Amino acid sequence: MQGALVAGFWGLLGGSALVLGAAIAWVATLPQRLIAAIMAVGAGVLISAVAFDLMDEAYRQGGFTATATGFLGGALAYTIANIIVSRRGARHRKRSGSNPDERQHGAVESSGAAIAIGALLDGIPESVVIGISLLDGRGVDAVTVAAVFLSNVPEGLSSAAGMKRAGRSARYVFGVWGGIALASGVAAMIGNVALAGATPGMIAAITALAAGAILAMLVDTMIPEATEATHDYSGLIAVSGFLLAFVLSKSGG
């Protein structure tokens with residue numbers, strides 16, 4: 001039970017970045033390039049985590065078949081779910097500026113709700129991975145937690161800004177993002193408890209499934225939005241995030 005609580009804490013910490021981003025959007029307006037640069041760093045960190053932590057660990061525990069099956073399955077599941085929420089107004093949920101779907105259709109309020117659902121969709125695989133990382137008794141994967149935190153800040157910021165423009169109250173905005181942060185903690189707890197007695201092959205498949213979903217999310221949402229604002233510098237910024245995560249991963253292992 002203690003392990004589940006620890007997993008819930010770290011999942012909640014990663015999800016709390018959504019609340020932080022919402023708070024920033026409520027009191028200030030940051031330059032779009034700055035938020036996009038943060039997103040590019042987060043993308044680089046997540047790519048490193050997927051490559052060197054999640055996929056390596058999945059392969060070590062379950063071999064190629066379980067890893068490949070989970071990886072492709074995660075990407076497919078995320079893609080289908082992402083298409084559904086994107087068509088309901090959440091296509092640019094990680095955008096640091098204004099949402100073009102909102103401007104075009106005049107549906108700020110409804111797209112804000114879809115964005116919140118999209119944020120939950122993005123956060124579930126990340127939170128499950130946090131819970132799984134505690135099963136081996138070596139402690140939480142700090143690189144993964146940092147990557148989740150960095151990727152959630154601009155998402156909470158952009159989405160809360162849209163809700164604010166729609167006239168939503170602070171109670172509503174922070175209630176939504178606080179609820180999603182709590183859901184992230186619960187997902188981490190579930191990942192830790194449900195897989196506590198699982199076979200290495202099952203853990204490998206679930207880990208790879210989360211990795212596939214995270215990588216698909218990166219390509220579909222984070223990287224395009226980061227590149228749009230930072231232009232020629234986005235690759236360099238992402239590489240810096242990747243290198244930072246790589247150094248942290250190897251020095252901690």
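**Exercise 1.** Which residues have the most contacts inside the largest nonpolar core, and how many residues does this core have?

*Solution.* The structure is a predicted model.
- Step 1: The largest nonpolar core comprises 29 residues.
- Step 2: Those with the most contacts inside it are Leu46, Val50, Leu54, Tyr78, Ile214, Leu218 and Met222.
- Step 3: At least two residues of this core are supplied by each of helix 2 (32-90), helix 4, helix 5 and helix 7 (200-230).
- Step 4: Helix 2 contributes the largest share of this core, 13 residues.

**Exercise 2.** Describe the packing of helix 1 against helix 5.

*Solution.* Two packed helices are described by the angle between their axes and the distance between the axes.
- Step 1: For helix 1 (residues 2-27) and helix 5 (residues 142-165), the angle is about 35 degrees and the axes lie 6 Å apart.
- Step 2: The crossing of helix 1 and helix 5 is right-handed.
- Step 3: The contact of helix 1 with helix 5 has 16 nonpolar, 6 polar and 2 charged residues.

**Exercise 3.** Locate the largest cavity and characterise its lining.

*Solution.*
- Step 1: Searching the whole structure yields 2 cavities of 30 Å³ or more; the largest cavity has a volume of about 50 Å³.
- Step 2: Its lining consists of 13 residues, and Gly15, Gly123, Ser127, Asn152 and Ser184 lie nearest the centre of the cavity.
- Step 3: Helix 1, helix 4 (108-132), helix 5 and helix 6 (170-194) each supply at least two lining residues, and helix 4 gives the most, with 5 residues.
- Step 4: By class, the lining of the largest cavity has 5 nonpolar, 7 polar and 1 charged residues.

Notes
Residues numbered from 1 in each chain as written. Predicted model: local features only at pLDDT ≥ 70, side-chain atom pairs only at ≥ 80, totals over all residues. Heavy atoms only, no water. Axes fitted to C-alpha atoms, helices over the stretch in contact; angles between N-to-C directions. Helix = DSSP H or I, 4+ residues; strand = E, 2+ residues; numbered from the N terminus. Left-handed = near helix turned anticlockwise from the far one by under 90°. Nonpolar A, V, L, I, M, F, W, Y, C, P; charged D, E, K, R; others polar. 1 Å grid on protein atoms, 1.4 Å probe; cavity = no way out; pocket = protein on both sides within 12 Å on 5 of 7 lines; lining within 4 Å. Points joined across faces, edges and corners; volume = space filled by probe spheres on them. Core = buried A, V, L, I, M, F, W, Y, C linked by side-chain atoms within 4.5 Å. Buried < 20%, exposed > 50% of the residue type's maximum accessible area, 1.4 Å probe, protein only.
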